[in-house]
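I opened my notebook to look at how two chains meet. Here is what I looked up, in the order I found useful.

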Protein chains: 4
Amino acid sequence: MTLPKNLEVARKAKLQPLDEIAAEIGIGEHLLEPYGEGVAKIKLDAIEELSGRPKAKYVVVSAITPTPLGEGKTTTTVGLGQAFKHIGKTATVAVRQASMGPVFGIKGGAAGGGYSQVVPMEALNLHLTGDIHAVTEAHNQLAAMIDNHLYQGNALDLEAHSISWRRVMDVNDRALRNIVAGLGARTDGVPRQTGFDITAASEAMAILALSTSLQDMRSRFGRIVIGTDADGNPVTAEELKAAGVMTVIMKEAIKPNLMQTLENTPALVHAGPFGNIATGNSSVVADLIGIRGGDFLITEAGFGADMGAERFFNIKCRYSGLEPDAAVLVATVRALKAHSGRYEVRAGKPLPEELLRENPDDVYAGAANLRKQIENIRLHGVSPVVAINAFPTDHESEYDVIREIAEEMGARVAVCNHFSEGGTGAVELAEAVAEAAEEQTEFEFLTPTERPCAKR
Amino acid sequence: MTLPKNLEVARKAKLQPLDEIAAEIGIGEHLLEPYGEGVAKIKLDAIEELSGRPKAKYVVVSAITPTPLGEGKTTTTVGLGQAFKHIGKTATVAVRQASMGPVFGIKGGAAGGGYSQVVPMEALNLHLTGDIHAVTEAHNQLAAMIDNHLYQGNALDLEAHSISWRRVMDVNDRALRNIVAGLGARTDGVPRQTGFDITAASEAMAILALSTSLQDMRSRFGRIVIGTDADGNPVTAEELKAAGVMTVIMKEAIKPNLMQTLENTPALVHAGPFGNIATGNSSVVADLIGIRGGDFLITEAGFGADMGAERFFNIKCRYSGLEPDAAVLVATVRALKAHSGRYEVRAGKPLPEELLRENPDDVYAGAANLRKQIENIRLHGVSPVVAINAFPTDHESEYDVIREIAEEMGARVAVCNHFSEGGTGAVELAEAVAEAAEEQTEFEFLTPTERPCAKR
Amino acid sequence: MTLPKNLEVARKAKLQPLDEIAAEIGIGEHLLEPYGEGVAKIKLDAIEELSGRPKAKYVVVSAITPTPLGEGKTTTTVGLGQAFKHIGKTATVAVRQASMGPVFGIKGGAAGGGYSQVVPMEALNLHLTGDIHAVTEAHNQLAAMIDNHLYQGNALDLEAHSISWRRVMDVNDRALRNIVAGLGARTDGVPRQTGFDITAASEAMAILALSTSLQDMRSRFGRIVIGTDADGNPVTAEELKAAGVMTVIMKEAIKPNLMQTLENTPALVHAGPFGNIATGNSSVVADLIGIRGGDFLITEAGFGADMGAERFFNIKCRYSGLEPDAAVLVATVRALKAHSGRYEVRAGKPLPEELLRENPDDVYAGAANLRKQIENIRLHGVSPVVAINAFPTDHESEYDVIREIAEEMGARVAVCNHFSEGGTGAVELAEAVAEAAEEQTEFEFLTPTERPCAKR
Amino acid sequence: MTLPKNLEVARKAKLQPLDEIAAEIGIGEHLLEPYGEGVAKIKLDAIEELSGRPKAKYVVVSAITPTPLGEGKTTTTVGLGQAFKHIGKTATVAVRQASMGPVFGIKGGAAGGGYSQVVPMEALNLHLTGDIHAVTEAHNQLAAMIDNHLYQGNALDLEAHSISWRRVMDVNDRALRNIVAGLGARTDGVPRQTGFDITAASEAMAILALSTSLQDMRSRFGRIVIGTDADGNPVTAEELKAAGVMTVIMKEAIKPNLMQTLENTPALVHAGPFGNIATGNSSVVADLIGIRGGDFLITEAGFGADMGAERFFNIKCRYSGLEPDAAVLVATVRALKAHSGRYEVRAGKPLPEELLRENPDDVYAGAANLRKQIENIRLHGVSPVVAINAFPTDHESEYDVIREIAEEMGARVAVCNHFSEGGTGAVELAEAVAEAAEEQTEFEFLTPTERPCAKR
């Protein structure tokens with residue numbers, strides 16, 4: 001069996017006109033701003049306008065702790081979104097934007113894969129509507145204002161070594177990680193050690209993802225602490241008069257982007273904070289719009305459930321006011337085997353052959369990770385569903401192990417083939433999710449001492 | 001008399017639907033890609049599709065040597081474009097995109113001014129369709145590949161001190177002008193002195209402006225020389241395998257942006273190389289499309305005629321194959337007075353009061369600059385028209401001096417009030433330009449030794 | 001009671017001609033090279049020439065763990081040396097050279113204090129015979145050869161980030177701790193992060209202190225590892241052809257310097273490695289000469305007994321082949337009080353008043369440190385003698401506590417007043433040391449697992 | 001004919017006891033401080049004590065413009081000093097100390113050569129009495145105090161970019177020429193671009209050479225301008241309280257060093273400022289002592305006569321109050337040939353063979369340089385003597401050319417063989433110098449507009 005190539009599949013996609021996609025989720029043309037082909041921004045007025053419509057069930061997609069293999073979180077999010085149509089339900093998916101740095105590095109795109117992709121894939125993987133560039137620009141504008149403040153006499157008595165606001169770029173550029181800036185003549189600024197991070201790690205990106213309105217974003221920018229003064233008092237972007245400028249630069253970026261999946265399911269693509277360094281969740285505003293879109297809103301939380309999902313529950317939901325009805329935990333046979341600790345798996349290297357042989361014992365050993373992640377989700381009072389993202393090299397005996405463990409932990413489970421089959425491949429998952437979402441559960445935030453990380 | 005505020009005027013503008021604007025210049029909807037409100041990209045297929053339409057008269061707008069006062073080149077370009085409608089002719093204007101760095105610095109926007117602006121002004125002055133961000137990204141991708149090449153063992157034996165490809169950012173950030181990069185651990189690259197320029201100074205921006213097609217841009221990227229090897233041989237972006245990546249990043253950026261003026265004259269806004277460091281002219285592809293748009297195509301050349309216009313004649317026209325029919329030289333009474341050398345004029349400082357008093361002698365003294373620029377234009381066989389951009393503080397006796405000199409040099413001349421009156425204020429200029437464009441002239445490139453700079 | 005000022009006392013000193021001092025320890029004029037007034041270098045031929053003379057008892061002076069107060073190790077070494085004359089014995093003292101950096105910083109000189117100083121004090125505290133400058137020069141010559149090797153094509157494939165050989169300077173200069181060097185044009189070298197240490201921390205200084213001959217020093221220089229090549233193999237100074245040059249630069253520095261105490265006791269002053277970063281002991285060659293000088297050779301080991309004395313026993317003695325007969329542990333009432341942990345004592349700040357009140361309990365609490373240091377010395381089979389360096393603010397009840405603990409641990413103890421009284425103030429100590437040195441003990445090196453630090 | 005090797009000759013030297021050498025020039029033992037073998041410092045009291053003795057004739061040795069070949073200025077100075085004994089006169093020579101950097105670089109030693117050397121040669125070429133190390137230490141102490149001043153709050157409002165006081169090291173270390181210092185944590189100082197020069201270029205070295213007393217040196221240190229404050233006012237070492245510390249560090253360095261030549265002529269060796277960057281002359285205090293030493297004091301001025309000699313006349317003599325009686329201009333046949341411009345001569349490369357063939361024409365062509373230098377000396381009213389430093393490859397016809405030109409310019413001339421023959425080889429020169437010194441001349445300083453450089 002040969003797996004479909006992402007780009008080939010994506011290029012063959014039949015896109016539906018975006019105004020029709022928008023109409024499906026209740027968004028009129030007056031709320032749309034088209035951006036090239038197959039992409040539009042949605043005006044934030046939509047939040048208010050749609051507020052009378054019924055709320056969708058809110059489903060978060062997370063995963064076991066990531067391995068270099070990739071478990072397929074985005075692909076499963078898209079596949080699940082597509083599957084609902086096959087069981088007579090409407091759904092919207094919400095995912096993060098791609099960072100261009102890793103696209104040209106080793107990671108590959110962020111559009112999903114196989115027959116479960118958001119399209120047009122190239123738009124998503126390149127500039128899209130320029131939101132990431134706007135974050136870069138806003139972030140660096142503040143950085144320039146900080147260094148200019150030092151240069152202009154430092155009225156705020158900013159302690160140069162305390163400055164934690166670096167610069168960002170959406171390029172994988174190791175040579176910029178640590179620099180000495182401000183060299184040259186007197187008019188070239190004040191020399192100082194600093195460096196660049198990738199834009200996805202910018203606090204401005206995290207703020208974009210968490211803001212509920214332009215005003216909220218403006219005030220969050222103002223509260224950014226960029227360092228301390230000589231007495232150790234925090235100095236904010238507001239004091240540097242940078243928050244207004246940053247907001248102007250990002251006034252378009254705050255509008256969520258509407259696209260579609262290969263099967264024309266509406267897809268909201270907005271904000272791209274990395275899960276290892278930031279909140280790892282797409283934007284609050286996208287979810288506030290998508291939650292009025294139909295029966296289900298499927299939103300993705302980056303990294304493992306103890307990273308992305310925990311931040312989804314305790315940070316994103318706290319700000320959005322939305323409560324999740326179910327949580328999907330993506331797992332693969334080979335990733336669980338890798339979690340057994342018995343194999344050395346390295347990004348960019350071919351998989352060890354033994355890892356592909358039938359071996360339910362290894363799956364069992366590695367499933368300790370899965371158990372803990374199910375437990376983490378239960379801690380928040382949310383119904384877990386384990387999605388086994390199927391690979392041609394899997395064996396039925398190995399699925400049985402996962403099923404056994406999931407049931408033991410009281411979680412639903414489904415084997416999915418959305419990569420090779422699209423939405424039909426995830427029908428079993430969609431049904432499990434629909435059932436889980438119907439359960440009477442009580443979502444709750446956890447206090448710091450109640451969180452999984454505190455219990456470890 | 002109070003001058004209108006740019007932002008106020010711009011916000012009151014009544015935009016015509018862009019597809020109607022496009023239709024006026026022969027561009028069908030299938031060639032348009034809308035980008036937010038009031039902006040669309042034009043597919044490059046337009047060049048071929050429109051090739052059967054008659055060619056417009058091609059008019060370049062340049063100026064005397066710039067002073068800190070600003071002479072109003074863009075405003076005059078826009079005003080002239082608007083004026084043709086008032087004399088029964090159709091016209092298109094072509095201008096450069098704004099650089100965000102200076103927008104948040106001291107320079108102010110690039111949309112023109114008063115009643116002669118391109119709108120929506122905020123879109124133009126901020127991200128527009130992200131072309132400048134794409135240039136930043138492509139430029140820095142090459143920079144990252146250079147440093148990564150050094151890090152990965154330097155197979156091309158690149159001499160680190162010879163590397164002339166710096167990085168760029170569209171932010172005015174003095175602290176990045178001179179940096180030491182590559183500090184930190186071994187995996188953080190190879191330490192080296194380098195720095196950032198503003199994106200408008202990028203060679204990638206100059207290439208964007210000069211390319212005639214995507215393929216041409218790809219091959220120009222490949223020919224970029226980034227430094228030399230240890231034997232002094234040039235090393236190109238092609239050898240670093242960067243040209244393809246840069247092209248992918250800029251495949252949307254090469255499409256010109258369609259906007260309109262306050263009076264709904266079609267405006268092509270594309271590429272923004274600075275005239276003091278690069279070619280200073282908007283893109284060749286925009287002109288290749290605009291030249292089929294109607295009776296006149298008015299294109300702007302940055303800086304003084306000896307900078308922007310000379311590059312227009314000898315570089316841009318050489319690549320586009322287009323030949324100018326007339327050249328407008330913008331001058332102001334106060335700038336000519338400043339050229340007398342009798343006043344100290346400083347950007348951001350109030351004007352010396354004496355400079356505003358009636359004083360035709362000063363105008364006469366400063367007009368040496370105007371004479372030389374007229375002469376420069378004549379060297380290329382093009383008909384010059386002097387546009388006196390009127391200010392409330394001017395005096396008729398001062399205009400007389402300019403008229404006298406222009407006539408003596410055989411140039412047409414017109415006083416213009418397009419800033420306060422829009423197109424009607426530039427009718428006299430439009431008529432003079434129309435006459436000049438009818439003259440039987442023979443445009444010619446100059447060999448290096450024939451150019452004005454060689455004669456000085 | 002007013003304590004004498006060091007400089008005043010030192011300037012009133014009556015120096016005995018150095019040839020007479022030398023003669024007392026068996027060194028003829030042909031072995032002396034005078035260097036300014038009151039200082040001479042001793043040729044290394046002395047080691048061989050004196051080898052037939054009887055060996056002196058070998059006494060090391062160390063201390064409890066240092067506090068910011070200073071316990072008076074050097075002063076006690078000098079005072080003890082002076083005291084032997086008063087009990088009819090001859091003695092030589094061996095101390096380290098001063099580092100100029102701290103002299104102009106906060107630490108003060110290294111000549112001892114009060115009536116127990118080595119003179120001429122200013123010579124000792126400034127350049128003396130230039131040995132430290134020679135170390136600086138040799139160290140930096142190697143550093144320059146490393147960077148020049150990188151510049152000249154790096155034939156040894158040296159990995160730049162692995163280079164651990166920094167530069168040194170005998171100046172307290174915080175701004176040189178971390179630098180980027182090699183900036184500028186191509187001929188200005190290869191950019192790289194590095195920095196400066198104080199010369200006393202140089203491995204070349206440690207080598208000077210441990211070498212037994214010029215040949216030995218030459219071969220130790222050759223074995224210096226300055227970093228690794230790209231495969232991780234160590235690269236040595238020998239491979240860089242630097243060892244010979246370093247030896248030429250330090251061929252005079254290896255000769256010990258002869259001075260005298262205020263009471264004309266011969267004093268060998270040679271090498272100055274810091275105890276916190278290096279061996280903390282004066283040179284092996286000085287001790288190999290001094291050991292033939294008379295009845296006692298008193299040598300000082302920097303820092304607490306667990307630092308300087310342990311290195312004396314296990315490193316210096318291992319190379320010199322000499323075996324100590326007794327070890328003096330200097331303690332003060334106030335330092336033991338500080339070790340109680342009940343006071344905050346800060347260098348450069350006045351002492352807390354309560355610390356000066358009669359309080360034997362605090363002394364008792366802090367004496368845990370003293371107990372452990374006595375135990376450490378006993379581990380090597382050496383007889384410990386506790387020297388209580390008296391201060392006017394001490395109380396008899398506090399001395400009693402120290403005496404009680406020392407006796408309990410089986411150590412001799414003596415209260416000393418050599419600071420205010422010179423040699424006569426340390427007669428009790430000299431007698432205790434003489435007795436201890438007569439004990440039948442068996443000195444032994446400890447294997448790494450037997451050492452105090454391993455037992456903690 | 002084989003030329004003697006410098007080191008071999010030097011090691012066979014029979015040194016006369018230094019107290020006898022000192023006695024010959026009137027210096028009693030109480031004024032001597034021995035430093036190792038064959039070297040002693042002379043106390044500055046000597047200046048006053050010797051003031052009643054008659055003044056020697058004062059002869060400066062300079063040369064034509066230097067070529068990579070070396071003309072032999074120091075060798076001629078030493079050879080001339082040795083020659084006087086052979087004509088029944090006493091003489092003292094005064095030369096500069098060697099810089100260690102170039103010794104280990106390409107330049108070779110500074111002790112003269114062949115049978116005309118100052119000995120012990122190794123002492124002179126290495127540390128000697130540590131004067132250069134003291135300059136390094138004093139210079140860098142001031143540098144550390146500057147950076148510490150910035151760090152401690154910058155009470156003097158020092159403008160960091162204005163700081164012109166770099167650091168120095170007596171090592172040829174290209175990697176230190178341009179650095180960024182002050183990196184690291186807050187306590188590691190204020191980041192800033194700076195660098196190192198070679199110690200011989202230090203202003204402290206120039207001051208050492210020009211001071212007439214310890215007090216004078218102290219006050220000159222105080223007047224050092226290290227940069228400006230924010231208002232552009234100069235900031236001095238005095239304001240940084242560094243002058244006293246620098247003086248303490250250099251209080252021994254100001255005493256001239258006494259050595260001897262291979263023929264036991266007294267040699268004063270003191271201070272080593274480079275002629276290309278500093279005054280290029282040995283110390284004023286050495287000459288103030290040497291001028292009382294007998295019949296002749298021969299002092300050397302570095303670089304060509306238009307550099308070193310002009311500074312000798314206009315700077316050194318202005319401060320010392322001494323007036324020269326004659327000036328020797330060293331020239332060689334091959335250097336004059338090189339000055340013809342007909343050969344490419346490169347340091348470290350073998351000489352072009354044709355340059356060694358008999359060719360009086362080339363000598364004639366290159367002698368334009370010699371003419372001008374003679375003229376320069378005459379401008380100061382001093383009698384010039386041309387010393388032709390003979391090489392085995394010279395031809396008599398070539399000497400004739402030099403003789404002819406010298407006579408034409410009214411200068412005495414002598415062929416010298418002191419390299420291979422010692423003092424006897426320079427008897428002819430000594431006689432010419434003695435005659436020249438008897439001439440009635442009137443020495444005069446030149447005003448800036450009268451100087452040769454102003455006339456060029």
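**Notes on the A–D interface**

I began with hydrogen-bonding partners: across the interface of chain A and chain D, 6 residue pairs are in polar contact, both residues at pLDDT 80 or more. On the side of chain A that touches chain D, I noted 4 nonpolar, 4 polar and 3 charged residues.

With charged residues on the list, I went on to look for salt bridges. The rule finds 0 of them between chain A and chain D.

I should say that this is a predicted model, and I checked its scores before going on. The ipTM is 0.94 and the pTM is 0.94. Chain A has an average pLDDT of 93, and 95% of its residues score at least 70.

Next came the extent of the interface. I found 11 residues of chain A in contact with 11 residues of chain D. Between them the two chains bury about 900 Å², and carbon and sulfur atoms account for 63% of that.

Then I asked myself: what rotation superposes chain A on chain D? The answer is 180°, with 0.0 Å of shift along the axis and an RMSD of 0.1 Å. That is how a two-fold axis relates its copies. In chain A, I found that Pro191(A) has the C-alpha nearest the axis, 2.8 Å from it.

My last entry is on which surface each copy uses. Of the interface residues of chain A, 100% are also interface residues in chain D, so the copies meet through the same surface.

Technical notes: Residues are numbered from 1 along each chain as its sequence is written. Chains are lettered from A and ligands numbered from 1 in the order in which they are written. This is a predicted model: local features need pLDDT of at least 70, side-chain atom pairs count only at pLDDT 80 or more; totals for chains, interfaces and linings use all residues. Side-chain values use heavy atoms; hydrogens and water are left out. Contact means heavy atoms within 4.5 Å. Buried area is the accessible area (1.4 Å probe) that two parts lose on being put together, summed over both. A salt bridge is a side-chain nitrogen of Lys or Arg within 4 Å of a carboxyl oxygen of Asp or Glu. A polar contact is a pair of N or O atoms within 3.5 Å; within protein, one must be able to donate a hydrogen and the other to accept it, and residues adjacent in sequence count only if both atoms are side-chain atoms. Ala, Val, Leu, Ile, Met, Phe, Trp, Tyr, Cys and Pro count as nonpolar, Asp, Glu, Lys and Arg as charged, and the others, Gly among them, as polar. Copies are superposed by least squares on the C-alpha atoms of residues with pLDDT of at least 70 in both. pLDDT is the predictor's confidence in each residue, from 0 to 100.
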